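Trainee: Could you take a close look at one strand for me, and then place it among other parts of the model?

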Amino acid sequence: MADLYTIEDLRLSLADMTAKPLFGHAPRIEILKGLSFTIPKGAVVGIVGGSGSGKSTLGRALVRLLEPSGGSVRFDGHDITHLSEPALRPLRRRFQMIFQDPMSSLNPRQRVGTIIAEPLRLHRMDAIPDRVARTLGHVGLPQAFASRYPHELSGGQRQRVGIARAIALEPDFILADEIVSGLDVSSQAQVLNLLERLVADLGLTLAFISHDLSVIRRLCQRTIVLHQGQIVEDRPTADLFADPKAPYTRELLEAIPLPDPAQVWV
Amino acid sequence: MSFLSIRNLSVRLKNGPPLLRRVSLDVAAGEVRGLVGESGAGKSMIGKAVLGILPPSVQITEGEIFLDGTDLLRLPPKESRRRIGASCALIPQDPLTALNPSHRIGPQITDRLVDILGWTRANADARARDLLAEVQIADPDRVLRSYPHELSGGMRQRILIASAFAAEPKLIVADEPTTALDVTVQKQILRLIAGMQARHGTALLFVTHDLGVVSKVCQRLSVLYSGLVVEDSTVPEFFASPSHAYSAALLAATPKYTDPDAGLHPVPEAVVNAVRAEVAAFDRGPAHG
């Protein structure tokens, strides 16, 4: 299968504001230290790591919310590493993002219908009401929800709106950054099942960032483990769980509390 | 009698719906009880009621909260606050908002000991150093002089644990103490809390939505739905065979990496409807069923 993303020696550094002197520039701190991997079309790739491992930074570099400081990111043949915002605009339609916290990523003053229509309007799409209606159907929300506000919805429903906004433009690629970590197990299961179905129905390519290996195990065919800005393991998920090679992967696996009192931590 | 004993506690929003529906539970000295439920089930509300920190928008409509045999709700507010302050502590969810960003760590642990419990400053400082060592902070003196922003999330949570144990409380309410942490740090923190709790013989009310966490640190658990306790079991009983269909469905929804096909089954609609009907029947019930 052709690769949708080709990432070579990706480096990204940001200003370290905690070390900024009162006057003058903050020192730069390297978050991503030379990552290389590919994402084939139609793949569901999990990206895991502890806090500060650089997984969200990597995600934001993939959808160019952050500009890499070195290496290259190629999306379907286009080098988007340093592309300017106007040049990126036509491509943005093809890669979308679902955010972690649906409450803070949805405008509280807009109705659900307006929220989902927003990217359609920005990209000057036609037949917007039809597309909004179709998208609501895809994520399993009743049409009447178009006139509700985010605060009237439950956490799981809100995250469905976040998903709807991301798929409204019929993108090729979706980045999901910790999208279920704020949800209860039951809504989490519903949202993940929905995502799994959408990937199959709409032929999406998905990068799923999570700190929860149990979720990755269920959803992703391939898993990339990040630790301190470097890839420590990049293998098919089943192999990785059967026989974790990197010590950090083993540590992550052993730290997951299984719902089973037979697993004892002492 | 257990150190903490809650009997038929009902709490409602003023002029609004009930939040807790005749909740009863016990936590004995040295015991850890998990409080499990989806968000909005009322699990944090129980902890807040025990600590006397319910928001002003809610009121207790009936029930008793016995702390060491005395019903807190029958005491004058000042006396009940004194008792809670002397014997209870909280480990909060978010270690960043729980610490004052403009004060050094040291006084944030010791001020309460000095100002409220009347310790001498020297004793309080020594106690803070010992506690930080007990929560495995390598360099207590440096940390005591630090500001919260200079420390990592795991480090801040250790400080709050140390602070909770500072005055040798008999009861600690831990309100989702590891939700903000990543799994490897969560493991260290849970071991730390369980270890401290066992050494000090503290009664611990552990609020969480993660059944995996419950199976590691708790001996008993209460499962709540809409403020109604639907299950009260020991941990081995619960994980072997949950007694209520709703709590069984919650367990089935919990992902398990060792079994890729297990988990991610949402609570079935029929089960949700059944437990909702149970809540409705409870609200209608003559003398509360």
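Mentor: What follows starts with one strand and then moves outward.

This is a predicted model, where local features need pLDDT of at least 70, side-chain atom pairs count only at pLDDT 80 or more, and totals for chains, interfaces and linings use all residues. Residues are numbered from 1 along each chain as its sequence is written, while chains are lettered from A and ligands numbered from 1 in the order in which they are written.

Confidence comes next. Chain B has a mean pLDDT of 90, and 97% of its residues reach 70 or more; pLDDT is the predictor's confidence in each residue, from 0 to 100. The model scores ipTM 0.79 and pTM 0.85.

Now the strand: β9 of chain B, residues 220-225. Strands (E, at least two residues) and helices (H or I, at least four) are DSSP runs, numbered from the N terminus. In β9(B), 6 of 6 residues are buried. Buried means 20 or more other C-beta atoms within 10 Å of the residue's own; 12 or fewer is exposed, and in between is partly exposed, with C-beta atoms placed from the backbone. In a regular strand the side chains alternate between the two faces of the sheet. Both faces of β9(B) are covered. One side carries B:R220, B:S222 and B:L224, the other B:L221, B:V223 and B:Y225.

Next, its partners. Two strands pair if DSSP finds at least two bridges between them. Strand β3(B), residues 32-36, runs parallel to β9(B) and is joined to it by 4 bridges. There, B:V36 has B:V223 as its bridge partner. Strand β10(B), residues 228-234, pairs with β9(B) in the antiparallel sense over 6 bridges. B:L221 faces B:S233 of β10(B). The β9(B)-β10(B) hairpin has 2 residues between its strands, and B:S226 takes a positive phi near 50 degrees.

Further along chain B, two helices pack. The axes of α11(B) (residues 245-253) and α12(B) (residues 269-284) are 9 Å apart, at an angle of about 145 degrees. Axes are lines fitted to C-alpha atoms, for helices over the stretch in contact, and angles run from 0 to 180 degrees between N-to-C directions. B:A245, B:Y246 and B:A249 of α11(B) meet B:V271, B:A274 and B:V275 of α12(B). Contact means C-beta atoms, placed from the backbone, within 7 Å. The residues of this contact are 6 nonpolar, no polar and no charged. Ala, Val, Leu, Ile, Met, Phe, Trp, Tyr, Cys and Pro count as nonpolar, Asp, Glu, Lys and Arg as charged, and the others, Gly among them, as polar.

Chain A offers another sheet. It is open, has 4 strands in the order β2-β1-β4-β5, and pairs antiparallel. β2(A) (28-40) and β5(A) (78-79) stand at the edges with a single partner strand each, so one side of each lacks a neighbour in the sheet. Strand β1(A), residues 3-15, is joined to β2(A) by 10 bridges. One facing pair is A:L14 and A:I29.

Last, the interface. Here 28 residues of chain A are in contact with 34 of chain B. On the chain A side, α7 (185-202), α8 (213-219) and α10 (247-254) each supply at least two residues. The largest share, 6 residues, comes from α7(A). By class, that side has 14 nonpolar, 9 polar and 5 charged residues.

Note on methods
Two residues are in contact if their C-beta atoms, placed from the backbone, lie within 7 Å.
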